[in-house]
Structures are given as C-alpha cells and as structure tokens.
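Open the model in your viewer and keep the sequence panel visible. The stops below go in order, with a selection for each.

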Amino acid sequence: MSKSILLTITPWPAVSVVILLVLLVAALYFARSTAHQAIHAACGALAHGLRLASHSVTHAQAHLVARNRAVLLAAGREAKERIVEREFARVGDTVRKDLAGYPEMHRRLSGAIVRIEEDQAKAVEVPPEAPGWAQAVSVVAKLDARNAGAEILADIHKSMVKAHGEAMRDYRKASAERHGLLRQMMPDWRLIQLTLGRVNKSVESVIERSLAIDRHMEDYETIVRGEDRAVSVLSSSSIVYFFIAALVLAVATAGAAINFTLIARPMAEMVGGTHFIGAFRTADIAALVIIMVEISMGLFLMESLRITRLFPVIGALTDKMRVRMIAITFVILLMMASVEAGLAYMREVLLQDELATNALLRSDSTGSMVNQHLWITTAAQMGMGFILPFALVFVAIPLETFVHSLRTVVGLMGIAILRTLALILRVLGNGARHFGVLAQSIYDLPLFMPLWLEARMATATRPAADVAGTREAEPWQEARS
Amino acid sequence: MKPRIVLLALTLATGACVPPGTHNTGVYLLVDTSGSYNRQMNKAEQIILYALSRLQPADSIAVARIDTASFTEKNIIAKTTFDDRPSTANQQRRAFATRVEKFVDQATPAPYTDITGGLLQAIEFLNEKQTARKEILIFSDMKEDLAKGYVRDIPLDFKGFDVVALNVTKLRSDNFDPRQYLARLEEWRVRVEKGGGHWRVINDLDRLDGLL
C-alpha cells in the first residue's frame with residue numbers, strides 16, 4: 001500500500017522512482033558524516049569490547065597456567081619426595097641389615113683368618129735331616145779290606161737303607177698332615193669368599209640406590225627450580241596417569257557391578273523387594289550401599305597402611321592408632337566379605353527356587369531337574385562374593401592417582417578452552433573493526449555521484465598545486481578516520 | 001536442636017521410602033464356566049499359570065468364576081497378595097497354582113453368564129487393593145446371558161483399568177453371521193472405553209508376551 005502511494009507522487013511511476021532515489025541519495029549524502037561516525041563508533045566500541053574481553057580471557061588463561069604449573073610442581077615435588085624417601089628407607093634397610101650383621105661377620109672372618117694362620121703355621125715343611133754317614137763311609141772305604149772294612153760298610157749300608165726308609169716314611173706322614181691342614185683351610189677360604197661376596201653385593205646395591213637417589217634428586221632440583229622441562233615432563237606424565245587411572249577405575253567399576261549383581265537379589269529378602277526410594281528399589285540401594293561401604297573401608301585400610309595419602313588426618317595418626325585402624329577396617333572388610341559370600345549363596349538358592357516355581361507354572365518337568373554340577377557355580381559365586389570386596393580395596397590406588405591427575409588435566413583443558421576463547425574474541429574484535437570500514441564503504445557506494453561531484457568541485461576551487469596532494473591525502477584521511 | 005535434626009532426617013527418610021503399593025500390579029481373572037465354554041478350562045489354567053509366573057512380590061491376583069450370579073465374593077476361587085520377600089512369594093505362587101488346578105478339575109458348567117457382575121466384582125476388588133496397575137482378564141466368549149431378575153444395565157467405572165478379553169471363541173451362531181461376533185466385541189469395547197478403561201482382545205494364546 002505504502003509503495004503504491006510513493007509511486008503516485010507524480011503521474012509517472014518511473015519519474016516518481018527517480019525523484020525518490022534522488023531524494024534518498026541526497027538524504028544519505030547529507031547524513032554521510034553522521035552515519036560514518038555512528039558506524040565507526042559502534043564498530044569501534046564492539047571491537048574494543050571484544051579486545052578487552054580477549055585480554056581478560058588471556059589474563060585468566062595466564063593465571064590458570066600459573067596455577068596449573070604450581071599444582072604440577074607441587075604434585076611432582078611431593079611425588080619425588082616420596083620416591084627419594086622410599087629410596088633412602090631402602091638404603092637404610094640395607095645398611096642397617098648389613099651393619100647389624102657386621103660384628104658377627106667380623107668375628108667369623110677373624111676366626112677364619114686365625115684358623116688359616118694356625119693351619120699355615122702347622123703346615124710349614126720340615127727341612128730334611130742332614131746326611132751324617134757320608135764322611136764316615138768315605139773314611140771306612142779308605143781302610144784296608146783285610147781290616148773287615150767291607151763288613152762295616154755293609155752294616156753301614158744296611159743302617160743307611162733302614163734310616164732312609166724311616167726318613168721317607170716320616171716325610172710322607174708329615175706331607176700328608178700338611179695336605180690335611182691345607183684341606184682344612186678350604187672351608188675357611190670359602191667362608192671368607194662368601195662373606196666378602198655378600199658384602200660386595202650389599203655395597204653394589206647401596207651404590208645403585210645412591211645413583212637412583214642422585215637421579216631423583218636431580219629431577220627434584222629441576223622441579224624446585226621450576227624449570228620448563230620439569231613442568232613439561234610432569235604435565236605429560238599427569239595425562240598418562242589420568243588415562244591409566246581412568247581405565248583401571250573403569251575395570252573396578254565393572255567389578256563393582258558384578259558384585260552388585262551378586263547381592264542385589266538376596267538383599268530383596270532382607271529389606272523387601274518392593275520398597276522404593278525415589279525411582280530405585282530399596283534392595284538395590286542397600287546392595288549399592290554395602291559395596292560403597294566396602295570401598296570406603298578399603299580406602300581407610302590403604303590410608304592406614306600409608307599406601308595412599310588421600311586423608312591427611314589418617315596419615316598423621318600415631319602408629320599405634322594406625323595399627324588399630326588397620327585391624328578394625330580389616331575385620332569389617334572380612335565380615336562384609338563373609339556376608340557377601342552368604343548372600344551369593346542365598347542368591348543361588350533363590351534362583352533355583354524361582355526356576356523350580358516357574359517350571360512348575362509352565363508344567364515343565366525338565367526345569368525342576370537338579371544339575372549335579374550346580375555346586376561349582378554356587379562355589380564360584382561365593383568365592384567371588386568373598387574376594388571382590390578385598391579386590392575393591394585396591395581401587396584406592398588408581399582413585400588417588402585419578403584425583404591428583406584430574407586437577408592437572410582439568411587445568412590443561414581449561415587453559416585450552418580459554419586460549420581458544422581468547423583467539424575467537426580477538427578475531428571477532430578485528431572483524432568488527434574491519435566490518436566498520438566495510439560498512440562505511442558500502443554506505444558510500446550509492447553516493448558515488450554526489451561524492452564524485454564534490455571531488456570535482458573541490459578540484460575546481462583549489463589551486464592546481466594542491467590538487468594532487470589533496471587527492472592523495474583524501475583516501476588516507478578517510479581510512480584513518 | 002539435635003533431636004529436631006534427627007526427627008527431620010527420619011521424616012525425610014520415611015517420606016522418601018515409597019510404599020509398595022505404588023509400583024505393584026493387580027490382576028483379576030474372570031473364567032467363564034457357562035455351558036460349552038466350560039470345556040476350555042485347561043486353556044484358562046494355562047493363562048492363570050502364565051499370569052502367576054509374570055507377577056512380582058507385592059502384586060495381587062484373584063481368580064473368579066463367571067456363572068449365573070457373578071457379583072459375589074463366593075465366586076472368587078483363589079486370591080492372594082504376594083509377600084514382599086521373593087522366596088515367600090514363590091511359595092504363595094505354588095499354593096495358588098495348586099488351588100487353581102483343583103478348581104479346574106472340579107469346575108461345573110453354569111446355566112447363565114453374568115459377565116457384568118464379574119466385572120463389577122473385579123473393579124471392587126482391585127480398587128480395594130489400590131494397586132498401581134489394574135488388569136482384568138476375561139476368559140470368555142463374551143456372550144452375556146442373564147437369568148431373569150438380574151439387573152446389570154449399570155455404568156461401569158473402568159478408569160485406570162486394562163480389560164483384556166482372552167480366547168473369545170466364536171459361537172455356532174457367529175459362524176452363520178460373523179457380524180454378531182464383531183458386534184459383541186464392539187459392544188464390550190465401547191462399554192469399557194466409555195467407562196474410561198483400555199480394551200484389548202487376545203485370541204492367540206501362544207502369543208501372551210504382551211500380557212502383563
């Protein structure tokens with residue numbers, strides 16, 4: 001309707017359109033400066049706001065990076081302290097064990113050495129007796145044969161043979177004794193060798209441990225100095241730990257689900273099968289609560305054993321109190337495991353009862369038949385019911401890792417999100433600025449005619465020398481504005 | 001202050017525990033014993049046992065006979081509400097099955113068929129049980145045949161009820177004119193749906209999966 005009215009301002013619609021266009025262009029031309037200012041102000045404000053937001057997000061990101069770095073370094077420092085502490089404890093154990101045995105070892109070594117010395121002294125070879133007959137024999141030989149020298153020589157020969165035989169016998173006997181003594185020294189030598197070998201092993205172990213401690217201490221120092229390399233290593237380790245812990249927790253959840261299946265049905269016998277809390281059966285909730293209590297007991301047990309450090313209060317307890325806590329939590333776990341084994345048995349009984357009833361209702365004679373090997377599944381269920389609570393105790397270890405690595409991983413994700421957001425805001429801010437320039441150009445597009453005329457008129461009124469400079473300066477000024 | 005907190009916690013806990021009635025099912029099974037339909041008793045037993053196997057602890061079931069005058073408690077052959085504990089509920093199922101078996105063996109044909117009276121009795125029973133789901137199963141040919149003096153032209157309130165007609169056999173007259181059979185079923189459907197109920201017909205007893 002309004003369009004048709006506008007077209008009737010003259011009898012000729014085409015002329016009306018031309019007049020309207022001229023009027024519109026004139027209006028746009030006269031409002032050009034104000035419109036440019038408005039576009040510039042709006043787009044500038046938007047760009048400024050987006051830039052500010054980007055700066056703010058970048059600042060938050062930097063803050064988060066610093067916080068994440070601090071968390072990582074603190075976690076890494078704590079972990080390294082634990083490792084070094086454990087290594088020192090091992091070295092201490094080794095040294096204590098060897099030093100405790102040192103007086104005994106020293107006594108045994110000294111005894112062995114004394115025995116060897118004594119045996120060695122006994123085993124000294126006795127020098128052979130000097131020959132006493134040789135000179136006498138030569139004198140007798142020079143005597144005249146008629147003076148019965150031959151008989152004397154024969155006697156001497158006889159005596160010498162006899163003495164030689166005795167000397168040889170004594171010599172052999174002495175040698176046998178010496179060999180016996182040397183043989184006695186063998187166990188002592190072996191003892192010394194064994195003892196020294198053990199000492200060598202202990203020393204090597206201590207050296208290995210000290211090398212490991214050196215390595216850990218180097219890492220610890222880089223962490224304390226807050227070096228980028230340490231942060232990078234800790235960050236990647238944290239992500240790896242996160243995924244491994246998540247995987248193990250998923251496996252543990254599957255175990256808990258099996259445990260739940262084992263006890264949910266018989267729980268209906270205890271708390272009723274038709275009561276509901278919200279949308280869930282009370283029996284199911286009771287079974288879940290039992291599993292949760294078992295996991296909690298497992299956490300306390302691990303904490304009391306100082307395997308995990310989720311609750312500083314438990315870690316700070318006195319050793320006596322901790323031992324009591326270990327005993328109490330273990331007894332509770334044992335009782336709950338026994339209860340679960342009983343419930344698993346009850347489950348099998350109920351299942352058989354239900355199968356028999358359904359078979360009766362279906363008039364199926366095969367359903368009520370008793371399987372002879374049924375005891376295997378019953379025993380397996382009972383075994384699982386007893387073992388699973390103890391297996392779930394070890395959930396505490398991946399849980400601790402998961403909780404600790406979660407902080408870092410969430411921080412890293414937050415950093416990535418903030419970084420992306422800052423980038424998007426910066427791009428949008430720049431886009432808004434360029435959009436302002438584009439909008440001004442688009443505004444000028446229908447005004448090409450008056451603008452051209454304006455430029456021509458300006459050229460005509462100004463001296464020729466200024467024309468070139470003005471023409472060059474105009475687009476630049478416009479762009480700057 | 002402390003006792004008040006304990007009291008509040010107890011109130012919340014008891015409030016959160018929903019009573020068993022809100023999730024249970026009530027089933028009322030009407031078995032037609034009139035005339036020639038009495039021969040279908042074995043099929044009726046099959047359906048009753050199937051219903052028994054589908055029911056859970058805290059559910060209610062009743063089996064009643066349709067005869068000349070069905071609006072009476074005397075017609076209820078067996079009724080029970082299953083215990084909360086599954087093992088006791090199993091025992092109750094077995095005992096119920098035994099009673100049903102006994103009834104099937106001793107059932108005698110009735111001269112008339114008062115379906116409306118049986119439905120009234122079913123509505124009364126299930127409303128009294130206040131079950132969350134109410135199912136009326138009618139094992140009949142759905143041909144009502146009232147004795148003289150019985151007034152059954154009364155509106156039935158089936159709000160919240162599922163009415164399932166099972167094994168609706170065709171009569172000899174239906175074979176001559178099938179429109180009679182269709183009209184009979186349509187009449188009952190209109191009557192049930194007018195009363196706010198949901199009507200269904202299951203003739204194939206091998207496909208009772210959708211039932212309960």
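Where in helix 7 of chain A does a kink of about 35° lie? Select A:R265: the kink is there, shortly before the proline A:P266. The model is predicted, and this tour reads it as such.

**Helix 7 and its partner in chain A**

Stay on helix 7 of chain A, residues 228–271. Just past its end, pick A:G272, which follows the helix and has a positive phi, near 90°.

Now add helix 10 of chain A, residues 319–361, to the selection. The axes of helix 7 and helix 10 come within 8 Å and cross at roughly 75°. Since angles of 65 to 115 degrees count as roughly perpendicular, the two helices of chain A are therefore roughly perpendicular to each other.

To see where they meet, show side chains on both. From helix 7 of chain A, take A:L262, A:I263, A:R265, A:P266, A:M267 and A:E269. Opposite them in helix 10 are A:E340, A:L343, A:A344, A:M346, A:R347 and A:L350. Colour this contact by class and you get eight nonpolar, no polar and four charged residues. The kink residue A:R265 and the proline A:P266 are both among the residues that meet helix 10.

**Chain A as a whole**

Zoom out to chain A. Its secondary structure comes to 14 helices and two strands. Of its 481 residues, 16% count as buried. Among contacts between residues at least 6 apart in sequence, 78% join residues at least 24 apart.

**Where the chains touch**

Next, show both chains. The contact takes 18 residues from chain A and 19 residues from chain B. On the chain B side, select strand 1 (17–18), helix 2 (41–54) and helix 3 (86–106), each of which supplies at least two residues. Which of these gives the most? Helix 3 of chain B does, with six residues. By class, the chain B side has 10 nonpolar, five polar and four charged residues.

**Two stops in chain B**

Select B:T131, in the loop between helix 4 (115–129) and strand 5 (133–139) of chain B. Is B:T131 buried or exposed? The cut-off for buried is 20 or more C-beta neighbours within 10 Å; B:T131 has 23 inside that distance, so it counts as buried. Then draw a C-alpha distance from B:T131 to B:A58: it reads 9.3 Å, although the two are 73 residues apart in sequence.

Finish on helix 6 of chain B, residues 178–194. Its 17 residues reach 24 Å from first C-alpha to last, close to the 24 Å expected at 1.5 Å a residue. After helix 6 of chain B comes B:G196, with a positive phi, near 95°.

Methods:
Residues numbered from 1 in each chain as written. Chains lettered and ligands numbered in written order. Predicted model: local features only at pLDDT ≥ 70, side-chain atom pairs only at ≥ 80, totals over all residues. Helix = DSSP H or I, 4+ residues; strand = E, 2+ residues; numbered from the N terminus. Expected span 1.5 Å × (residues − 1). Axes fitted to C-alpha atoms, helices over the stretch in contact; angles between N-to-C directions. Parallel < 35°, antiparallel > 145°, perpendicular 65-115°, else oblique. Contact = placed C-beta atoms within 7 Å. Nonpolar A, V, L, I, M, F, W, Y, C, P; charged D, E, K, R; others polar. Buried ≥ 20, exposed ≤ 12 C-beta atoms within 10 Å, placed from the backbone. Bend = angle between axes of the 7 residues up to and from the residue.
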